[in-house]
Amino acid sequence: MGHAEGYVHPKQVIFDKIQETIDLGGTGILMQGGLHPELKIEWYEDLLRSIKARFGDKVWNHCFSAPEIVNIADVSGLSLRDTIARLRDAGLESIPGGGAEILDNEVRRRISRLKSSAQDWIDVHRTAHALGMRTTATMMFGCGETIEQRMNHFDIVRQIQEETGGFTAFIPWSFQRENTSLGKFVKEEATGVEYLKVLAISRIYLENILNIQSSWVTPGLKTCQVGLRFGGNDVGSHHDRGERRFGRGSASLCHREQLRRLIRDAGFIPKQRDTLYRTYFLN
């Protein structure tokens with residue numbers, strides 16, 4: 001609070017960004033932010049209702065990582081179940097997997113000690129699934145964790161999916177050192193080969209999750225393309241503008257036609273999908 005670079009967008013700025021997304025052919029938004037120490041659930045409910053009132057079914061609200069939801073619950077003095085139910089009733093339609101990093105508290109204490117615990121992430125997603133919502137699961141690897149700790153992460157995600165069936169997709173990506181404070185302590189980034197190995201293991205070990213995303217944002221477009229031959233069946237979304245991953249060394253812009261060509265040249269048929277992986281457009 002009070003930092004020169006801190007901000008809270010007014011609703012009109014958010015509306016403008018959503019309208020731009022719709023104008024470009026987008027069908028959903030991924031909206032995440034910081035952990036605000038004062039904004040209670042009423043602020044988020046008002047935002048979600050305002051988005052739905054303005055855009056209706058033109059846009060799907062895939063919003064708020066597990067640490068954000070835990071923070072909203074804490075600031076508002078509510079249980080996780082009541083928090084997620086109220087956000088759902090206000091217009092939240094699914095929850096992204098952000099904030100998982102590695103679901104091992106030893107790792108989390110070292111790389112993200114101010115974020116919620118591994119159990120908090122688990123509780124958010126289990127609760128959302130119990131309330132009939134779908135979510136995604138993620139893993140950020142290559143930050144000094146052991147192979148055993150990565151496998152613990154896979155075990156947790158697999159077990160939740162076995163019990164709830166609530167994950168639509170699993171998205172692994174490698175930590176990028178550039179422009180991060182953690183990068184000073186992680187001397188070697190995961191290689192492209194290591195990324196492809198993790199992707200392949202994700203497909204084999206998480207056989208109960210239908211969609212495995214081969215990301216292009218951190219590994220790059222060419223590694224993403226090869227990833228389609230290592231178990232990936234999704235390349236995520238294209239980004240035209242916005243504030244995604246600012247301050248990091250990863251790429252942030254890619255046009256949809258680049259992704260279609262990437263998929264075709266890998267030997268597959270590009271299909272536009274929505275947040276729940278329903279096909280909108282066969283190209």
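**Exercise 1.** Describe how helix H1 (residues 11-23) packs against helix H2 (residues 41-55) in this predicted model.

*Solution.*
1. The axes of H1 and H2 lie 11 Å apart, at an angle of about 45 degrees.
2. Angles under 35 degrees count as roughly parallel and those from 65 to 115 as roughly perpendicular; H1 is therefore oblique to H2.
3. The crossing of H1 past H2 is right-handed.
4. On the H1 side, the contact is made by Lys11, Gln12, Ile14, Phe15, Ile18, Gln19 and Ile22. Their partners in H2 are Asp46, Leu47, Ser50, Ile51, Arg54 and Phe55.
5. By class, the residues of this contact are 7 nonpolar, 3 polar and 3 charged.

**Exercise 2.** Is Ser94 buried or exposed, and which residues distant in sequence does Ser94 touch?

*Solution.*
1. Ser94 belongs to strand E3 (residues 94-95).
2. Its relative accessible area is 1%. The cut-off for buried is under 20%, so Ser94 is buried.
3. Beyond four places in sequence, Ser94 contacts Trp60, Asn61, His62, Cys63, Met133, Arg134 and Thr275.
4. With Trp60 there is a polar contact of 2.8 Å, side chain to side chain.
5. Leu30, 64 residues away from Ser94 in sequence, has its C-alpha 9.6 Å from that of Ser94.

**Exercise 3.** Classify Asn211 as buried or exposed and identify the side chain with which Asn211 makes a polar contact.

*Solution.*
1. Asn211 sits in strand E6 (residues 211-212).
2. Asn211 has 7% relative accessibility and therefore counts as buried.
3. Contacts beyond four places in sequence are with Thr168, Ala169, Phe170, Arg203, Asn233 and Tyr277.
4. The side chains of Asn211 and Asn233 form a polar contact of 2.9 Å.

Definitions and conventions. Residues are numbered from 1 along each chain as its sequence is written. This is a predicted model: local features need pLDDT of at least 70, side-chain atom pairs count only at pLDDT 80 or more; totals for chains, interfaces and linings use all residues. Side-chain values use heavy atoms; hydrogens and water are left out. Axes are lines fitted to C-alpha atoms, for helices over the stretch in contact, and angles run from 0 to 180 degrees between N-to-C directions. Helices (H or I, at least four residues) and strands (E, at least two) are DSSP runs, numbered from the N terminus. Angles under 35 degrees count as roughly parallel, over 145 as roughly antiparallel, 65 to 115 as roughly perpendicular and the rest as oblique. A crossing is left-handed if the near helix is turned anticlockwise from the far one by less than a right angle, and right-handed if clockwise. Contact means heavy atoms within 4.5 Å. Ala, Val, Leu, Ile, Met, Phe, Trp, Tyr, Cys and Pro count as nonpolar, Asp, Glu, Lys and Arg as charged, and the others, Gly among them, as polar. Buried means under 20% relative accessible area, exposed over 50%, partly exposed in between (1.4 Å probe, protein chains only). A polar contact is a pair of N or O atoms within 3.5 Å; within protein, one must be able to donate a hydrogen and the other to accept it, and residues adjacent in sequence count only if both atoms are side-chain atoms.
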